[in-house]
Every structure is written in C-alpha cells, then in structure tokens.
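Please take me on a short walk through this structure, one selection at a time. I have the viewer open and would like to know what to click on and what I will find there.

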Amino acid sequence: MAKKKKEKEEYTELKGLFGTADDYHVYHMTKADYVLAYAIGFVLGIAVIYAFFRNPVFTLIGGVVCAYIVPPYYNEYKKESRLKRLREQFKDLLESLTASYSAGRNTPDAFKDATDDMISIYGDDADIVLELQSICAGLANNINIEQLLLDFAERSGLDDVMSFANVFEVCNRQGSDLKRIVSDTRDIINDKIEIEMEIETMLSGNKNELNVMMAMPVVVVLSLSTMGTGTVVSNAPVNLVIKLICLGIFGAAYMIGRKIVNIKI
C-alpha cells in the first residue's frame, strides 16, 4: 500500500484586525531586493568557481546557481533585520508610554503621544509608527486596547511584545498601576537587549574570524596559481572530485559556524 505524501502546510499570514497590517513572520522581498540578492550570489559564485576551476563554463554555471541560492538567505537576513529594528523601536515606545503615564495621561492619549514621539524619531513609514496608528484607530473605533496589543504581538513574533501585551491585558482589566507595569517591562527589555549586545560584541570577533577563514581557501588557491602550481588549476577527474568535496566541506563548515555564533536569549 502506497503511502500518501503529506503536503506541506502553507503558512497563512496574519493581516490584523483591520485586514491591512503586516505579518513580521514573513518578509516580502521587493524587486530591488531580488536584484541585489541575485547580483551578490552571481558575483560570489563567479569569484569562487573561477578561483578553483578556471573554466568559463563552470564559472558561468556556478554564478547562475549561486544567484538562485542566495535570495532565500537574503530574505531571512532582511526579515531578521526588520525584527531587530522593530524590537528597538518597541523599546523606545515603552520609554514614551512610561513618560506619558507618569504625566497622568490615560491609555488612548498615551498611545497618541507615543505615536507623535515615534514619528519624530523614526519617521512616518517606520513599522512601529504604522502599528501605533493602527492601535489608535482601533481605540477610536472602541476596540479594546488588550485586543489591539495582542494582535500586534502575534504578528510581530517577538517575545518581548507578547509578554508586554499579556501583562498589560491582566493589569488593565484588574486596574493595576500601568505606570509601574510599563516601567518595569521597559527595564526588563532594556536589560535583555543590553545582554544581547554584550554577547554580540563578544562574538563579533569570532564572526569576523569565520568570514576570514571561509575566504582563505580562495586566497590560497589564487596564491598557489600565481606561483605556477599547475595542479591547482587542473580539472583532471581526480582534481575535480577533490575540489567539489572541498567546496562542500567549506560550505557545510560555514553553515555550522553561523549556527554556533548565532546565540539568542
């Protein structure tokens, strides 16, 4: 009896309460992003393949293959960069909310003031500004602030935002001190970000060493070829197999190295 293959479930994007919000679990690359990713992959592929094989056909094929390999990784990089910016913007949002609650502002006014503050810092097109404008629009339409924050937290995929939304929901319903809650949450998130920055600083040297080590095989091959070592550029069957195996090992080593230095808390 043949086994039925299970189709991979497609991720359904969350569009928010108004159906127009962004889902930060997904990044949609623009045409410029695709052009840049293809160009990076093509150039890197040509540089590496030419250094090892010195064959125009292999070089062109390698460049084309790498051009189609890079975009998914570039998409992941852009998504992570956007989430990092959003978290930093959210930290500043908590600073603004803390100041507003300390001044005795109520929740709708506090979020309106925070919107103006974020616009002055990041501009009209920043993700946090668009989210705050959506929250303010929801409050104007009598939607509970808890529901609006939870919706934002679910779409953001950030643990800090979800924690804040959950705590805010409980405290707002029970009439707790929102000023203290927002201030404590801000302090906790700030401490967490500072720890991550310290870890990033400690690992920056290792990341640079990893990148240098991955570039060294190309440098060594180019250096040997300039010394007249013919076996380095020879594409005999044995040499060809050895080169392909070495490239596979280097690629696997780089992926493993990236996972080791990518520490999250």
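Start with the whole protein chain on display: it has 265 residues, and 34% of them count as buried. What you are looking at is a predicted model. Colour it by secondary structure and you will find 9 helices and 0 strands. Reading from the N terminus, the order of elements is α-α-α-α-α-α-α-α-α.

**Stop 1: helices α1 and α2**

Select residues 31-53 for α1 and residues 56-102 for α2. Their axes come within 6 Å and cross at roughly 135°. Angles over 145 degrees would count as roughly antiparallel, and α1 and α2 are therefore oblique to each other. The crossing of α1 past α2 is right-handed. Now show the side chains where α1 and α2 touch: the residues of this contact divide into 17 nonpolar, 5 polar and 2 charged.

**Stop 2: aromatic rings**

How many aromatic pairs does a search of the whole structure find? The search gives 5. For one of them, select tyrosine 74 and tyrosine 77, whose ring centres are 6.1 Å apart. Their planes meet at 35°, so the pair is tilted; planes would have to be under 30 degrees apart to count as stacked.

Both tyrosines sit in helix α2, and because they are 3 residues apart, about one helical turn separates tyrosine 74 from tyrosine 77. Switch on a surface and ask of each one: buried or exposed? Tyrosine 74 has 13% relative accessibility and so counts as buried, the cut-off being under 20%. Tyrosine 77, with a relative accessible area of 53%, is exposed.

Next, select Tyr34, Tyr38 and Tyr68, which ring pairs link into a cluster.

**Stop 3: on to α3 and α4**

Keep α2 in view and add helix α3, residues 107-122. The axes of α2 and α3 are 9 Å apart, and the two helices pack at an angle of about 135°. That angle makes α2 and α3 oblique to each other, and their crossing is right-handed.

Now bring in helix α4, residues 127-140. The axes of α3 and α4 come within 9 Å and cross at roughly 155°. How are α3 and α4 oriented to each other? They are roughly antiparallel, since the angle is over 145 degrees. The crossing of α3 and α4 is left-handed.

**Stop 4: a loop residue**

Move on to asparagine 144, in the loop between α4 and α5 (145-156). Asparagine 144 is partly exposed, with a relative accessible area of 48%. From here, draw a C-alpha to C-alpha distance to glutamate 169: the two residues are 25 apart in sequence and 9.6 Å apart in space.

**Stop 5: helix α6**

Glutamate 169 is one of the buried residues of α6, so finish by selecting that helix, residues 159-174. Which residues of α6 are buried? They are Asp160, Val161, Phe164, Ala165, Phe168, Glu169 and Cys171.

Before you leave α6, try a quick ruler check along the helix. At 1.5 Å a residue, its 16 residues should span 22 Å. The C-alpha atoms at the two ends of α6 are 23 Å apart, which agrees.

Conventions: Residues are numbered from 1 along each chain as its sequence is written. This is a predicted model: local features need pLDDT of at least 70, side-chain atom pairs count only at pLDDT 80 or more; totals for chains, interfaces and linings use all residues. Side-chain values use heavy atoms; hydrogens and water are left out. Axes are lines fitted to C-alpha atoms, for helices over the stretch in contact, and angles run from 0 to 180 degrees between N-to-C directions. Helices (H or I, at least four residues) and strands (E, at least two) are DSSP runs, numbered from the N terminus. Angles under 35 degrees count as roughly parallel, over 145 as roughly antiparallel, 65 to 115 as roughly perpendicular and the rest as oblique. A crossing is left-handed if the near helix is turned anticlockwise from the far one by less than a right angle, and right-handed if clockwise. Ala, Val, Leu, Ile, Met, Phe, Trp, Tyr, Cys and Pro count as nonpolar, Asp, Glu, Lys and Arg as charged, and the others, Gly among them, as polar. The expected span of a helix is 1.5 Å times one less than its number of residues. Buried means under 20% relative accessible area, exposed over 50%, partly exposed in between (1.4 Å probe, protein chains only). Rings of Phe, Tyr and Trp (its six-membered ring) pair if their centres lie within 6.5 Å; planes under 30 degrees apart count as stacked, over 60 as edge-to-face and the rest as tilted.
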